[in-house]
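Me: Hi, I have a structure open and would like to go through it slowly. Could you help me read it?

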Amino acid sequence: MRTRLKKINIALPGLLFGIILFGVICQAVGLFLVTDKANYSVGLWVGVLTAIFMAFHMAVTLNSAVERDVKEAQATVTRQNIIRYLVVIIILGILMTTKIGNPLAAFAGIMGLKISAYLQPLLARWFHEPDNGKTE
């Protein structure tokens, strides 16, 4: 599975791991701090799934952008970025109007993408293939 993810983007396995790890940590902390645990959990995991979608979408967008000339690549990346953020706004809007999940918890789950991106150098070391004892 990790090999298939690396074919899409070499940083994707670590990014997804960081998003899920952040979600698990937020879930554990939330169990002690919130009163409506079910609403919090639904919102949080909707946010985590949204962050996972965003990570995949960014990886695919970057792959398609590198195959284009500069001007076309910029237009493609900008268009796809707008689509990603519209999806986030729609999901948060649905959570706010239906009240099936906490939109603030969903926002925290979405921010797992940012946290994971900042921790990417550390996570990359954990996901680095072993060198079979070879040293440089």
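Reply: What follows is a walk through this chain, which is a predicted model, taken one question at a time.

Me: ok, how many helices and strands are in the chain?
Reply: The chain has 6 helices and 0 strands, and reading along the sequence gives the pattern α-α-α-α-α-α.

Me: and what share of the residues is buried?
Reply: Of the 136 residues in the chain, 34% are buried. The chain exposes about 8900 Å², and carbon and sulfur atoms supply 70% of that area.

Me: since it's a prediction, where is confidence lowest and where is it highest?
Reply: Helix α1, residues 2–8, has the lowest confidence with a mean of 59, whereas helix α5, residues 103–118, has the highest at 94. For the chain, the mean pLDDT is 85, and 84% of the residues reach 70 or more.

Me: what about residues 131–136?
Reply: Over residues 131–136 the pLDDT stays under 50, and the model has 0 contacts there beyond four places in sequence. Where pLDDT is low, the predicted coordinates should not be read in detail.

Me: let's go to α4 then. What span should it have, and what does the model give?
Reply: Helix α4 runs over residues 70–98, and because its 29 residues at 1.5 Å a residue should span 42 Å, the 42 Å between its end C-alpha atoms agrees with what is expected.

Me: which residues of α4 are buried?
Reply: The buried residues in α4 are Ala73, Thr76, Gln80, Arg84, Val88, Leu92 and Leu95. What covers them includes α3, residues 37–65, and also α5.

Me: what comes just after α4?
Reply: Just after α4 you find Lys99, with a positive phi of about 60°, and its place is in the loop between α4 and α5. Lys99 is a residue other than glycine, which is worth a second look. Most residues other than glycine have a negative phi.

Me: is Lys99 buried or exposed?
Reply: Lys99 is exposed, because its relative accessible area is 65% and the cut-off for exposed is over 50%.

Me: switching topic, how many salt bridges are there in the whole structure?
Reply: A search of the whole structure finds 1 salt bridge. Arg68 forms it with Glu72, and their closest N and O atoms are 3.0 Å apart.

Me: and how exposed are Arg68 and Glu72?
Reply: Arg68 has a relative accessible area of 35%, so it counts as partly exposed. Glu72 is likewise partly exposed, because its relative accessibility is 41%.

Me: I keep clicking on Leu44. Where is it?
Reply: Leu44 is found in helix α3, and at 0% relative accessibility it counts as buried.

Me: which residues is Leu44 in contact with?
Reply: If you leave aside the neighbours within four places in sequence, Leu44 is in contact with Gly23, Cys26, Gln27, Ala105, Ala106 and Gly109. You can also look at Val24, which is 20 residues from Leu44 along the chain, with 9.5 Å between the two C-alpha atoms.

Me: Cys26 is on that list, so what does Cys26 touch?
Reply: Not counting residues up to four places away in sequence, Cys26 touches Tyr40 and Leu44. Cys26 is found in helix α2, and it counts as buried because its relative accessibility is 12%.

Me: how far apart are Cys26 and Ala105?
Reply: Along the chain they are 79 residues apart, while the C-alpha atoms of Cys26 and Ala105 are separated by 8.7 Å. For the chain as a whole, residues 24 or more positions apart account for 70% of the contacts with a separation of 6 or more.

Me: what about Asp36 and Asn102, how far apart are those?
Reply: The C-alpha atoms of Asp36 and Asn102 are separated by 9.1 Å, although the two residues are 66 residues apart along the chain. Asp36 is found in the loop between α2 and α3, and at 42% relative accessibility it counts as partly exposed.

Me: last one, which residues form the nonpolar patch on the surface?
Reply: The patch is formed by Phe17, Leu21, Ile25, Val29, Leu31, Phe32 and Leu33, and together they have about 710 Å² of accessible area. One of them, Leu31, is found in helix α2, residues 12–33, and it counts as partly exposed because its relative accessibility is 40%.

Methods. Residues numbered from 1 in each chain as written. Predicted model: local features only at pLDDT ≥ 70, side-chain atom pairs only at ≥ 80, totals over all residues. Heavy atoms only, no water. Helix = DSSP H or I, 4+ residues; strand = E, 2+ residues; numbered from the N terminus. Buried < 20%, exposed > 50% of the residue type's maximum accessible area, 1.4 Å probe, protein only. Contact = heavy atoms within 4.5 Å. Areas by Shrake-Rupley, 256 points an atom, 1.4 Å probe, with all protein chains shown as cover. pLDDT = per-residue confidence, 0-100. Patch = residues over 30% accessible without salt bridge, like charges linked within 9 Å, V, L, I, M, F, W, Y side chains within 5 Å. Salt bridge = Lys/Arg side-chain N within 4 Å of Asp/Glu carboxyl O. Expected span 1.5 Å × (residues − 1).
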